[in-house]
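Subject: Structure for you to look at

Hello,

Here is the structure I said I would pass on. My notes on what was found in it follow below.

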Amino acid sequence: MYTPSFEYFRPKTLAEAARLLRKHKESRPLAGGHSLLPAMKIRLASAKALIDLGAIKGLSGIKAKGKAVEIGAMTTHAEIAASPIVRKSCPILAEAASQIGDIQVRNRGTIGGSIAHADPAADFPTVLLALGATIQAKGPKGARKIPADKFFVDLFTTALKPGEIVTSVVVPAYGKGTGGAYFKHPHPASRYAVVGVAAIVEVKNGKTVRSSLAVGGASHTPVRAESPEKIAAAIPDPLSDHYASGEFRVHLATVLAKRALAAAVERA
Ligand code: FAD
């Protein structure tokens, strides 16, 4: 099935992309196209104009910035999985990136596209929530920083305002004694997370002094839980479909959370 016809623009600057988004009604940014184009083909999404972000300099790449790592919105999953900076400073992100889809998806899909799409079965939203990441966006009213726990608002819905473009994601680097793990139960066909769990812990003198647990795939947005035992209460109305019932998703999340926390402590 083909997409309905649309106009296509490939601006060279962010300002030009913003201008095109303002000018063309029902326009959308295009990143890797791996979620938007399939959704347009099956008429789940529509756009009269696509503004390709691929030629804009400065929207892609990974930089260490003090105690944080900044990842440009157009950085691909494959680049994140292979990045020495990510592997050293926040390896859980590389672990999650390497489990996304297949090699074609990882080579085209971008972190900005993934989070702007806000699919409940996506991997990055869960990890960014556990890490306490910040999403940076630019729009008609200037630049904004949005904490991950305010960014994912509902199913396929984010806090982005019309015309806003995600420019980068800022992730805190691991401190001393920090460990993390991302475990998921992948759908056997697409590899999307039926359930994915991210755990970050900080260990001092053999004791866990801080832990952060986030669960994705089981509800409209990723959610935090204080412990594996409290996941059921944190997700009172879990997603249910022909592949996995809500009850099974909560069970999976509880089991994966125990394993992820144990692995995170071991890695700390
Ligand atoms: P696009 O498809 O280009 O865009 C997605 C949406 O985000 C569009 O609405 C677009 O307008 C908007 N957008 C894009 N960039 C920006 C920006 N910078 N600012 C504002 N809005 C923007 N994902 C997983 O997490 N785990 C998986 O296991 C997984 N498996 C997959 C398997 C298959 C077969 C396929 C096709 C996809 C899979 N995905 C998976 C999704 C994949 O990661 C997508 O690449 C990703 O969700 C969207 O990124 P993209 O760069 O392709 O964005």
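In helix H8, the buried residues are Phe124, Pro125, Thr126, Val127, Leu128, Leu129, Ala130 and Leu131. That is eight of the eight residues of H8, so the helix is mostly covered, with buried meaning under 20% relative accessible area. After H8 comes glycine 132, which has a positive phi, near 70 degrees. Please keep in mind that this is a predicted model.

Salt bridges

Ten salt bridges were found in the structure. Three of them are described here.

One sits just ahead of H8. Aspartate 123 and lysine 184 meet through their side chains in a salt bridge, at 3.0 Å from N to O. This pair links distant parts of the chain, 61 residues apart: aspartate 123 belongs to the loop between helix H7 (111-117) and helix H8 (124-131), and lysine 184 to strand S11 (residues 178-186). Are the two partners buried or exposed? Aspartate 123 has a relative accessible area of 4% and is therefore buried. Lysine 184 counts as buried too, because its relative accessibility is 12%.

Another salt bridge joins arginine 10 to aspartate 52, with 2.9 Å between the closest N and O atoms. Here again distant parts of the chain are linked, the two residues being 42 apart: arginine 10 lies in the loop between strand S1 (7-9) and helix H1 (14-23), while aspartate 52 is in strand S3 (residues 49-52). Arginine 10 has a relative accessibility of 46%, so it counts as partly exposed. Aspartate 52, at 8%, counts as buried.

The third is within helix H1, where arginine 19 forms a salt bridge with glutamate 16 and the closest N and O atoms are 3.1 Å apart. Arginine 19 and glutamate 16 are three residues apart in H1, which means that about one helical turn separates them. Arginine 19 is partly exposed, at a relative accessible area of 37%. Glutamate 16 is also partly exposed, at 28%.

Leucine 50

Strand S3 also holds leucine 50. Leucine 50 counts as buried because its relative accessibility is 0%. From leucine 50 to lysine 12 is 38 residues in sequence, and 14 Å in space between the C-alpha atoms.

Aromatic pair

How many aromatic pairs does a search of the whole structure find? The search gives one. The partners are phenylalanine 151 and phenylalanine 152, arranged edge-to-face, with 5.0 Å from centre to centre and 80 degrees between the planes. Both phenylalanine 151 and phenylalanine 152 are buried.

Second largest pocket

The second largest pocket has a volume of about 350 Å³. Its lining is made up of 17 residues, and those nearest the centre are Asp119, Ala121, Ala193, Asp241 and Arg249. Sorted by class, the lining of this pocket comprises nine nonpolar, five polar and three charged residues. Which domains contribute at least three residues each to the lining? They are domain 2 (62-172) and domain 3 (178-267).

If you open the model, the pair of aspartate 123 and lysine 184 can be found from the loop between H7 and H8, and the pocket from the five residues nearest its centre, one of them Asp119.

Regards

Definitions and conventions:
Residues numbered from 1 in each chain as written. Heavy atoms only, no water. Salt bridge = Lys/Arg side-chain N within 4 Å of Asp/Glu carboxyl O. Helix = DSSP H or I, 4+ residues; strand = E, 2+ residues; numbered from the N terminus. Buried < 20%, exposed > 50% of the residue type's maximum accessible area, 1.4 Å probe, protein only. 1 Å grid on protein atoms, 1.4 Å probe; cavity = no way out; pocket = protein on both sides within 12 Å on 5 of 7 lines; lining within 4 Å. Points joined across faces, edges and corners; volume = space filled by probe spheres on them. Nonpolar A, V, L, I, M, F, W, Y, C, P; charged D, E, K, R; others polar. Domains from an automatic or database assignment. Phe/Tyr/Trp six-rings, centres within 6.5 Å; stacked < 30°, edge-to-face > 60°.
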